[in-house]
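Open the model in your viewer and keep the selection panel at hand. The tour goes from one chain to the contact and then to the ligand.

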Amino acid sequence: MKVLVAVKRVVDAYVKVRVKSDHSGVELANAKMAINPFCEIAVEEAIRLKEQGKAEEVIAVSIGTSASQEQIRTALALGADRGILVETDQEAQPLSVARILKAIVEKEGIDLVILGKQSIDTDNNQVGQMLGALTNMPQGTFACKAEPGDGTITVTREIDGGEQTVALKLPAIVTTDLRLNEPRYASLPNIMKAKKKPIDTVTPDALGVSMESRIRTLSVEPPPQRSAGIKVGSVDELIDKLKNEAKVI
Amino acid sequence: MIRDQEILDQLVAIVERFVRERLIPAEDEVAETNRVPEDIVAEMKELGLFGMTIPEQYGGLGLTMEEEVHVAMALGHTSPAFRSILGTNNGIGSAAVVFDGSDAQKQRFLPRYASGEWVGCFCLTEPDVGSDAAALKTTARREGDHYILNGTKRYITNGPVADTFNVMARTNPEIRGARGISAFIVEKGTPGISLGAIDKKMGQAGSLTCDVIFEDCPVPAVNLIGEEGEGFITAMKVLDRGRLHISAVSVGVADRLIGDALSYALNRQQFGKAIAEHQLIQAMLADSRTEAYAARCMVLETARARDRGDNVSTESSACKLFATEMVGRVADRAVQIHGGAGYVSDYAVERFYRDVRLFRLYEGTSQIQQLIIARNMIRDAS
Ligand SMILES: Cc1cc2nc3c(=O)[nH]c(=O)nc-3n(C[C@H](O)[C@H](O)[C@H](O)COP(=O)(O)OP(=O)(O)OC[C@H]3O[C@@H](n4cnc5c(N)ncnc54)[C@H](O)[C@@H]3O)c2cc1C
């Protein structure tokens with residue numbers, strides 16, 4: 001089985017981001033960047049399949065500027081076999097990403113695509129589903145468990161109010177939820193060895209995909225500041241405020 | 001020298017993350033139990049943290065000095081006890097074999113240090129011999145193809161958990177000074193080694209020290225490191241590298257303390273505003289930040305010079321003197337900024353205040369660094 005995982009370069013989850021003064025986006029200059037945590041779970045799942053002898057090769061792909069190589073290297077340090085950088089300076093919007101992944105799936109003959117359910121920068125939660133629609137591959141989204149069988153994969157999904165188990169025929173798409181696994185730390189020796197693993201660089205053009213954007217960001221605003229609470233003197237005052245100020249009762 | 005910036009960035013990032021996610025949450029437990037939990041030690045081994053300075057051909061990472069100080073600063077962001085567990089394998093416990101060991105010694109010991117299978121320690125200090133280490137009294141008497149060791153070593157970091165002891169002992173009783181001293185690598189289980197009770201220390205709970213006592217302990221002659229009479233030179237080389245490492249850790253701890261103090265100052269309100277808005281608090285924050293930055297620059301510059309092959313004896317001592325005294329002042333201000341909260345153990349600064357006190361004492365006290373610096377100055381002037 002050949003597994004493709006996608007890894008996105010996003011701002012580190014521990015960095016407090018600020019909205020740019022012109023409201024065109026968030027300030028990322030000099031911000032610490034990292035692999036999207038959901039993508040990391042995808043990488044971990046793929047490596048476990050390889051360790052169990054169920055996957056022969058794990059390919060990590062990232063779409064973005066040359067800096068995204070860092071995240072591919074992280075995936076290689078964790079145990080992926082080789083990397084593909086789809087290099088572009090343009091914003092990678094979900095549909096373009098899904099199209100690029102489709103091109104790679106077809107080119108590489110991928111049996112299983114494991115993706116994060118969303119990336120923590122824009123939280124779109126779209127690529128896996130779009131890729132499913134474009135390729136007609138079955139999808140198991142929000143996976144908390146994935147068990148490959150003979151030409152199939154059984155995926156337990158986190159859904160509102162419980163879990164749902166689906167059996168998918170390979171080739172298939174799995175998107176990861178938080179509880180799928182706990183990613184390991186890349187060991188320091190493996191980080192050094194990852195440098196020797198190959199990363200191919202291609203352009204979206206070469207894959208026949210246009211990066212043309214269909215979505216325009218009009219303005220980015222910080223979440224409203226929480227204003228300080230107040231102390232009420234009595235139950236009557238509380239009821240009065242809930243009724244007349246908050247208007248919730 | 002940084003061989004590959006991208007690799008180093010990744011190494012440092014993973015260490016920072018491990019510190020944040022695994023070590024910082026365990027700090028209180030380590031302080032209370034005086035032990036680093038087994039599972040954390042196992043994770044540190046898996047990560048490869050025990051072999052950072054061991055050459056690559058022996059299973060380590062072979063970090064350059066500049067790379068090592070970057071990692072050491074990252075490790076400095078948590079209790080020094082964690083760093084201490086792996087500190088001897090990366091430093092004073094292994095360096096003698098790395099620098100002056102025979103091929104056979106390197107083959108036997110270095111891969112085991114790198115994996116963390118064995119823990120090494122460094123035995124120089126004795127009950128009557130500290131700063132004046134060249135006066136050490138432990139003896140090693142040649143008998144056939146063994147040396148018979150007798151003597152007591154004091155305050156030995158990781159002694160209670162060590163698998164090997166790098167012991168400096170006098171092979172020539174005729175020579176009283178440095179030239180009579182040889183270095184040995186002694187394996188646990190050799191007859192005649194016993195350990196004293198674990199020392200009760202002011203700080204750094206979780207990092208264990210004890211006396212190591214040798215009584216007619218027969219050490220195979222092949223375990224002599226380098227030549228007879230060269231052990232003190234080996235020991236000084238070991239400490240020379242260690243000084244930069246301790247300096248880097250001091251910078252890392254200072255950054256942590258400044259971070260803790262700043263976030264406390266931003267949240268604590270007095271006189272109707274955050275105490276960070278009071279200028280006298282700002283002065284403390286600014287002084288700490290400035291001094292930590294100065295120490296960082298010194299450490300990085302000296303590490304680069306050492307990687308270039310320069311003799312950095314004076315500069316390493318200057319780094320240790322300044323960085324360890326600096327972190328003492330930074331810890332003191334961090335407690336001051338916390339007010340009464342800085343004196344109770346709910347806040348980490350109380351613990352760090354005690355932890356950092358050690359940095360000014362071991363691997364050469366501040367006074368000894370001053371002596372080295374001044375002696376080098378006088379020597380160079382004449
Ligand atoms: C927690 C801990 C861990 C340690 N780990 C190790 C270890 O792993 N291996 C090891 O070998 N040792 C270890 N040591 C020992 C440490 O290196 C010594 O304690 C240190 O070198 C100082 O020696 P001393 O304690 O004998 O102090 P002394 O040498 O007795 O010094 C006492 C005071 O006199 C000052 N002084 C001494 N000589 C002079 C002088 N010529 N001029 C001016 N002032 C002077 C000193 O600066 C100090 O202030 C450890 C110590 C501690 C506390």
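For the angle at the first stop, an axis is a line fitted to C-alpha atoms, for a helix over the stretch in contact, and the angle between N-to-C directions runs from 0 to 180 degrees. Bear in mind throughout that this is a predicted model.

**Stop 1: a helix on a sheet.** Select α4(A) together with β6, β7 and β10 of chain A. The helix lies across these three strands and runs at about 85° to β7(A). Now hide α4(A) and look at how β7 meets β10. Strand β7 (residues 139-148) and strand β10 (residues 172-176) of chain A run parallel and are joined by 3 bridges. To see one residue pair, pick A:Ala143, whose bridge partner in β10(A) is A:Thr176.

**Stop 2: the whole sheet.** Extend the selection to the full open sheet of chain A, which has 9 strands in the order β9-β8-β7-β10-β6-β1-β4-β5-β11, with mixed pairing. Its edges are β9 (162-169) and β11 (199-202), each of which pairs on one side only. Averaged over the sheet, neighbouring strands are turned by 30° against each other, direction ignored.

**Stop 3: a loop residue.** Go to A:Ile120, in the loop that links β6 (112-116) to α4 (127-135) of chain A. Is A:Ile120 buried or exposed? A residue counts as buried with 20 or more other C-beta atoms within 10 Å, and as exposed with 12 or fewer. A:Ile120 has 16 such atoms within 10 Å, so it is partly exposed. Beyond its neighbours within four places in sequence, A:Ile120 is in contact with A:Val10, A:Ala13, A:Asn36 and A:Pro37. Add A:Ile35 as well: it is 85 residues away from A:Ile120 in sequence, with a C-alpha to C-alpha distance of 9.9 Å.

**Stop 4: where the chains touch.** Show both chains and select the contact, which takes 12 residues from chain A and 14 residues from chain B. On the chain B side, α1 (5-23) and α3 (38-47) are the elements that give two or more residues. The most come from α1(B), with 7 residues. By class, the chain B side has 8 nonpolar, 2 polar and 4 charged residues.

**Stop 5: the ligand.** Centre on the ligand and show the 20 residues around it; B:Gly130, B:Ser131, B:Thr157, B:Thr365 and B:Gln367 come nearest. The shell has 11 nonpolar, 7 polar and 2 charged residues. In chain B, β1 (120-123), β3 (146-157) and α12 (366-381) each supply at least two of the shell residues. Finally, colour chain B by domain: domain 2 (120-229) and domain 3 (233-381) both give residues to the shell, so the ligand lies between them.

Definitions and conventions
Residues are numbered from 1 along each chain as its sequence is written. Chains are lettered from A and ligands numbered from 1 in the order in which they are written. This is a predicted model: local features need pLDDT of at least 70, side-chain atom pairs count only at pLDDT 80 or more; totals for chains, interfaces and linings use all residues. Helices (H or I, at least four residues) and strands (E, at least two) are DSSP runs, numbered from the N terminus. Two residues are in contact if their C-beta atoms, placed from the backbone, lie within 7 Å. Two strands pair if DSSP finds at least two bridges between them. A residue is near a molecule or strand if its C-beta atom, placed from the backbone, lies within 6 Å of it. Ala, Val, Leu, Ile, Met, Phe, Trp, Tyr, Cys and Pro count as nonpolar, Asp, Glu, Lys and Arg as charged, and the others, Gly among them, as polar. Domain bounds come from an automatic or database domain assignment.
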